Amino acid sequence: MRVLIIEDDVEAAAFIVKGFREAGHAPSYAADGETGLDYALSDEYDVLVVDRMLPKRDGLSIISELRSAGNQTPALILSALGEVDDRVAGLRAGGDDYLPKPYAFSELLARVEVLARRQTPGEAQTTYRVGDLELDRLSHSVKRGGDTIPLQPREFRLLEFLMKNAGQVVTRTMLLEKVWDYHFDPQTNVIDVHISRLRAKIDKGQQVPLIQTVRGAGYVLRETA
Amino acid sequence: MSSAKPLRLFRTTAFKLAAGYLVVFGLFAAGLVGYLVFETSSVLVRDADRRLTLEARRLGQHYQRGGINGLYAAMEDSAVRAGNRLYALSTPGGDVLVSNIGRLPEGVWSEPGLARFGYDQIGPGGSLRESRAIVRVFELPEGFRVIIGLDIGQADTIRGAVRRAAMVSLVTLIALGLLGWLYVNRRVLRRLDGISATTGRIIDGRLSERIAIMGTGDEFDRLGEQLNVMLDRLERSMDRLKEVSDNIAHDLRTPLTRMRNTMEDALRQPPNNDVDRQALEKSLEEADRLMATFQALLTIARVEAGGRRHTLEATELGSVITDVMELYEPVAEDAGVALTADLPKEPVRAIVNRELVGLALANLIDNALKYGASEGSEIKLALSSSRHAAMLSVSDHGPGIPLADRERVRDRFVRLDKSRTAEGSGLGLALVDAVAAFHDGTLELADAEPGLMVRISLPLGHDKAGATQERGDD
């Protein structure tokens with residue numbers, strides 16, 4: 001996966017570049033807004049990671065410029081401004097995700113990987129299938145190995161999100177955002193408990209556990225460990 | 001200081017006021033005196049005129065009955081007993097036949113009519129005395145001329161006396177005014193100097209100083225009382241600020257110290273992958289905790305700054321409660337705590353920021369789970385509304401918060417001693433307070449008998465400037 005990182009803090013950028021490289025991706029790096037826009041226009045990337053405040057040209061204007069040029073590369077905005085309305089402004093400018101600083105690298109990586117996947121076709125699937133687990137979005141039913149598993153509405157949405165991003169690590173904050181539409185950081189382990197409930201329904205008594213915990217990052221739903 | 005004092009006296013408002021009043025009052029008094037003098041003399045002149053008319057009529061009757069000889073006899077008779085009356089009669093040739101006037105100014109005879117002039121009065125023993133008179137000069141058909149007059153030296157004396165009295169009282173008035181002003185000014189300045197001295201000491205850092213109240217209930221006492229109330233407030237918030245900074249120092253220093261100790265300890269030992277990794281993991285955990293604390297502080301600051309950073313939208317509050325409750329339900333169940341909601345049948349809509357209200361509720365449930373709930377107890381969420389406000393509350397049956405601490409716990413980093421060792425940043429209630437204030441609402445801590453009830457009141461029909469009905473569709 002090709003990632004363009006536009007970030008003026010050299011140390012932070014080096015850390016991100018190293019992290020992406022270690023995760024098996026191909027990161028490129030620009031230190032100011034204009035260089036970043038040049039790179040983004042002249043090359044193909046899977047995801048852009050754009051700092052909001054940059055020298056020469058600010059992050060939001062890079063994204064709106066790209067969008068008006070017809071470039072739809074998914075973009076994640078990094079910002080020291082972490083309030084809901086900053087997020088709304090970022091998304092309105094054409095950003096696809098928003099991560100307030102300070103963040104954990106695992107969070108950034110998970111979000112970027114999910115963004116990269118979003119481009120691939122099959123977005124509007126009506127059923128998801130992972131191993132012998134099957135989720136039907138139209139009939140709101142979940143089956144594993146042919147047995148229907150009754151789920152609460154929220155559990156259904158949680159599983160739906162995990163299955164939609166099957167094979168991708170999703171973080172707790174991503175789950176809170178996408179499933180509950182809240183952007184704060186819950187202090188207690190509320191998400192973990194929800195996951196363990198879902199896991200009890202999906203994986204209990206099964207040979208292959210599908211919902212796996214990724215230490216220090218979040219969860220992933222996949223067939224193999 | 002003392003050499004500057006007289007100058008300062010003239011610069012005071014009291015001086016300017018007093019000087020202004022003195023000028024106005026002086027002018028008024030001078031006017032009054034002038035009018036008095038004028039009225040006195042005009043009364044005397046009018047009286048003289050009336051008496052002269054009567055005398056002229058009396059002499060006229062003598063003239064009609066006895067001709068010039070009758071007039072001559074009457075005048076001579078009158079002139080002898082004259083008192084302060086003046087009589088003179090002259091022939092057409094100008095020879096004076098009768099006169100009790102010592103010396104007349106030139107030309108009086110030649111102009112008939114009313115005249116006023118200075119003359120010499122014949123005093124006892126034939127001595128002459130300067131005086132003033134008002135006279136009437138008549139010319140008879142035969143060419144004889146008659147002067148009848150009244151001495152008005154007395155009127156002049158009265159007028160002079162009035163004028164002198166007025167001058168004396170004017171001077172006295174000014175002198176007394178000046179004295180009174182000096183007295184008032186000294187008093188006022190002393191009170192003001194007292195206030196200045198106190199504020200000076202407060203500026204020097206003695207915040208517990210207060211302005212002395214004299215108990216007279218005057219405007220200085222009222223000002224002093226107001227200032228003292230203000231100082232009480234300031235002192236209280238300074239104390240709180242100090243407590244908050246102490247707490248910040250403690251709450252941020254503790255994880256930093258732990259982190260540093262962990263790293264230092266790992267470095268001191270011979271390289272060992274397992275030990276190093278463990279140290280790193282522990283340090284990362286501490287760093288995350290620090291980050292969370294900073295994030296919470298930042299959020300409070302942002303919410304408190306308020307303004308247009310947060311969009312408002314019409315929100316059904318019941319759904320916010322069920323959403324957050326549903327989020328916490330599994331955690332509560334694991335802790336053996338029943339999470340229940342008491343919602344009204346009718347939806348309650350308010351213009352709020354859903355995210356912030358949700359965050360506040362989450363914090364309250366979190367607090368209740370940490371400090372208020374125990375196995376088998378209940379946390380109750382409730383929503384109710386009146387015409388003007390919606391009330392959201394979270395109650396537990398825990399130990400509650402003593403009345404004395406209920407104000408304090410809203411502050412940043414304030415944790416009651418028994419909970420200081422427990423998990424948590426001590427920022428929860430401060431954040432909830434900020435969220436309530438952001439919506440022009442209030443946060444109230446009450447007794448749930450037993451336990452703690454935290455109630456947020458949000459005004460309905462909110463119309464905050466800059467409110468938009470938009471939200472990102474993320």
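Q: What makes B:Gly143 stand out in the hairpin of E5(B) and E6(B)?
A: In this predicted model, B:Gly143 takes a positive phi near 105°. The hairpin has five residues between its strands.

Q: How do you know that strand E5 (residues 128–139) and strand E6 (residues 145–151) of chain B are paired?
A: Two strands count as paired if there are at least two bridges between them. Seven bridges join E5(B) to E6(B), so the condition is met. The two strands run antiparallel. B:Arg136 stands opposite B:Ile148 in E6(B), and B:Ala133 has B:Asp151 as its bridge partner there.

Q: Which other strand is joined to E6(B) by six bridges?
A: Strand E1 (residues 85–90) of chain B is joined to E6(B), and these two also run antiparallel. Here B:Ala88 has B:Ile147 of E6(B) as its bridge partner.

Q: Why is E6(B) called mostly covered?
A: A residue is buried if 20 or more other C-beta atoms lie within 10 Å of its own. Six of the seven residues of E6(B) are buried, so the description rests on that count.

Q: What makes E2 and E3 of chain B edge strands?
A: The open sheet has six strands in the order E2-E1-E6-E5-E4-E3, with antiparallel pairing. Strand E2 (96–99) and strand E3 (101–103) each have a single partner strand, so one side of each has no neighbour in the sheet. From one strand to the next, the twist averages 35°.

Q: What is the order of strands in the open sheet of five strands in chain B, and what is its pairing?
A: The order is E8-E10-E11-E13-E12, and the pairing is mixed. Strand E8 (338–342) and E12 are the edge strands, each pairing on one side only. The twist in this sheet averages 15° from one strand to the next.

Q: How do you know that the pairing in this sheet is mixed?
A: E8(B) and strand E10 (residues 378–385) of chain B run parallel, joined by five bridges. In that pair, B:Leu339 stands opposite B:Ile379 in E10(B). By contrast, strand E11 (residues 389–395) of chain B and E13(B) run antiparallel, with seven bridges joining them. Both senses are therefore present among strands that meet the requirement of at least two bridges.

Q: Why is strand E13 (residues 452–459) of chain B called largely enclosed?
A: Six of its eight residues are buried, so the rest of the structure largely encloses the strand. On the E11(B) side, B:Ser393 has B:Arg455 as its bridge partner in E13(B). Strand E12 (residues 442–447) of chain B pairs with E13(B) in the antiparallel sense over six bridges, and there B:Leu443 is partnered by B:Ile456. In the hairpin of E12(B) and E13(B), with four residues between the strands, B:Glu449 takes a positive phi near 45°.

Q: Which strands does helix H6 (residues 317–334) of chain B lie across?
A: H6(B) lies across E8, E10 and E11 of chain B, running at about 170° to E8(B). H7(B) packs on the sheet too, touching E10, E11 and E13 of chain B. The direction of H7(B) makes about 25° with that of E11(B).

Q: Which helix gives the most residues to the largest nonpolar core?
A: That core has 107 residues, and those with the most contacts inside it are A:Val49, B:Ala360, B:Leu361, B:Ile365 and B:Val435. Helix H7 (residues 354–372) of chain B gives the most, with ten residues. A second, separate core of 22 residues includes B:Val135, B:Ile147, B:Ile148 and B:Ala155.

Q: Which residues is A:Val49 in contact with, leaving aside its neighbours within four places in sequence?
A: They are A:Val3, A:Ile5, A:Ile16, A:Leu76, A:Leu78 and A:Val112.

Q: How do you know that the buried residues of H8(A) line one face of the helix?
A: The buried residues are A:Val190, A:Ile191, A:His194, A:Ile195, A:Leu198 and A:Ile202. Seen down the axis, they fall within an arc of 130°, so they lie along one face. An α-helix has 3.6 residues a turn, so residues three or four places apart point the same way.

Q: What is the span of helix H8 (residues 190–202) of chain A set against?
A: Its 13 residues reach 19 Å from first C-alpha to last, close to the 18 Å expected at 1.5 Å a residue.

Note on methods: Residues are numbered from 1 along each chain as its sequence is written. Chains are lettered from A and ligands numbered from 1 in the order in which they are written. This is a predicted model: local features need pLDDT of at least 70, side-chain atom pairs count only at pLDDT 80 or more; totals for chains, interfaces and linings use all residues. The expected span of a helix is 1.5 Å times one less than its number of residues. A residue is buried if 20 or more other C-beta atoms lie within 10 Å of its own, exposed if 12 or fewer, and partly exposed in between; C-beta atoms are placed from the backbone. The arc is that of the directions from the helix axis to the C-beta atoms. Axes are lines fitted to C-alpha atoms, for helices over the stretch in contact, and angles run from 0 to 180 degrees between N-to-C directions. A nonpolar core is a set of buried Ala, Val, Leu, Ile, Met, Phe, Trp, Tyr and Cys residues joined through C-beta atoms within 7 Å. Two residues are in contact if their C-beta atoms, placed from the backbone, lie within 7 Å.
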